[in-house]
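Thanks for sharing this one. Here are a few notes to read alongside the model, starting with the whole chain and ending with one residue.

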Amino acid sequence: MIPIKTPEKIEAMRTAGRISAKVLRKTGELVRPGISTLELDRFAENLIRLEGARPAFKGYGGFTGSICASINNQIVHGIPSAEVILQEGDIISIDTGAIFDGWYGDNAATYAVGEIAPEAARLLEVTEQSMWAGIDAAQVGGHLGDIGHAIQGIAEAAGFSVVREYVGHGIGKAMHEDPVVPNFGRKKTGLKLKAGMVFAIEPMINVGGYRTRGPYLDGWIVYTADDSLSAHFEHTVALTVDGPEILTAE
């Protein structure tokens with residue numbers, strides 16, 4: 001069953017979304033060569049708690065971090081570590097989540113570490129564009145396939161590929177609710193979109209093929225099968241009669 005949020009519940013979700021957005025922005029500002037992903041994680045957790053919220057990811061299914069920090073060929077679920085030091089030319093996806101009063105906020109962005117290669121910069125630009133296209137397609141009266149179709153169209157027109165095995169999701173009192181929200185699809189197919197649905201729309205786009213490998217012994221980190229670069233952007237979005245509303249905004 002797909003939860004429908006009342007305007008009051010959507011209003012309550014805004015606080016969790018605002019906190020998660022602030023934490024993502026502030027953590028992203030720390031990205032630079034020489035910093036460890038554990039340092040980023042500790043900063044993010046401290047800020048989440050200072051805002052009166054709890055980290056959504058820490059302890060989730062045994063995950064040890066408060067953020068996901070996925071570098072270069074890692075698609076999602078990178079585990080923060082003191083051993084992982086950012087290097088000039090890397091790209092890093094940072095995914096943050098906050099729980100406030102039982103409601104979840106979830107967002108992500110991919111950042112350049114110093115100067116990056118033109119292809120990497122284009123990947124970041126296209127992935128973010130594809131997210132916004134997916135959000136624009138999340139219209140009441142439309143269909144779930146419209147979202148994935150919009151994302152896929154932007155990514156593939158640029159020569160990139162869309163990850164199939166990992167997708168967006170509904171979100172609310174749980175981090176993952178129905179429905180799954182694929183980043184590929186056909187227009188006018190799938191679930192009819194209704195006001196009060198809230199989705200995490202999060203394209204994961206690869207420079208090479210769309211296939212993945214992992215997770216391995218750590219149980220979490222997912223890589224591109226061909227070791228090509230991958231980028232990830234995400235917002236929590238409420239569907240309203242006036243159009244999609246970003247809840248992960250400051």
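1. A word on charges before anything else: Lys and Arg count as positive and Asp and Glu as negative, while His and the chain ends are left out. On that basis the chain carries 22 positive and 31 negative charges, and their mean positions lie 6 Å apart. Please keep in mind that this is a predicted model.

2. Now the overall fold. The chain has four helices and 15 strands. Its C-alpha trace spans about 45 × 40 × 30 Å along the principal axes. The radius of gyration is 17 Å, which agrees with the value near 18 Å for a compact globule of 250 residues.

3. On packing, 53% of the 250 residues count as buried. Among contacts in the chain with a separation of 6 or more, 71% link residues 24 or more positions apart. The exposed area comes to about 10500 Å², with 53% of it supplied by carbon and sulfur atoms.

4. Is histidine 169 buried or exposed? With a relative accessible area of 5%, histidine 169 is buried, because buried means under 20%. This residue sits in strand 7, which covers residues 168-170.

5. The surroundings of histidine 169 deserve a look in your viewer. Beyond its neighbours within four places in sequence, histidine 169 is in contact with residues including Met175, His176, Val198, Glu202 and Glu234. Phenylalanine 199 is 30 residues away in sequence, yet the C-alpha atoms of the pair are 5.6 Å apart. The side chains of histidine 169 and aspartate 106 are joined by a polar contact of 3.4 Å.

Note on methods. Residues are numbered from 1 along each chain as its sequence is written. This is a predicted model: local features need pLDDT of at least 70, side-chain atom pairs count only at pLDDT 80 or more; totals for chains, interfaces and linings use all residues. Side-chain values use heavy atoms; hydrogens and water are left out. Helices (H or I, at least four residues) and strands (E, at least two) are DSSP runs, numbered from the N terminus. The radius of gyration is taken over C-alpha atoms; the globule rule is 2.2 Å times the number of residues to the power 0.38. Buried means under 20% relative accessible area, exposed over 50%, partly exposed in between (1.4 Å probe, protein chains only). Contact means heavy atoms within 4.5 Å. Accessible areas come from the Shrake-Rupley method with a 1.4 Å probe; for residues, only the protein chains shown count as cover. The place of a charge is taken as NZ of Lys, CZ of Arg, CG of Asp or CD of Glu. A polar contact is a pair of N or O atoms within 3.5 Å; within protein, one must be able to donate a hydrogen and the other to accept it, and residues adjacent in sequence count only if both atoms are side-chain atoms.
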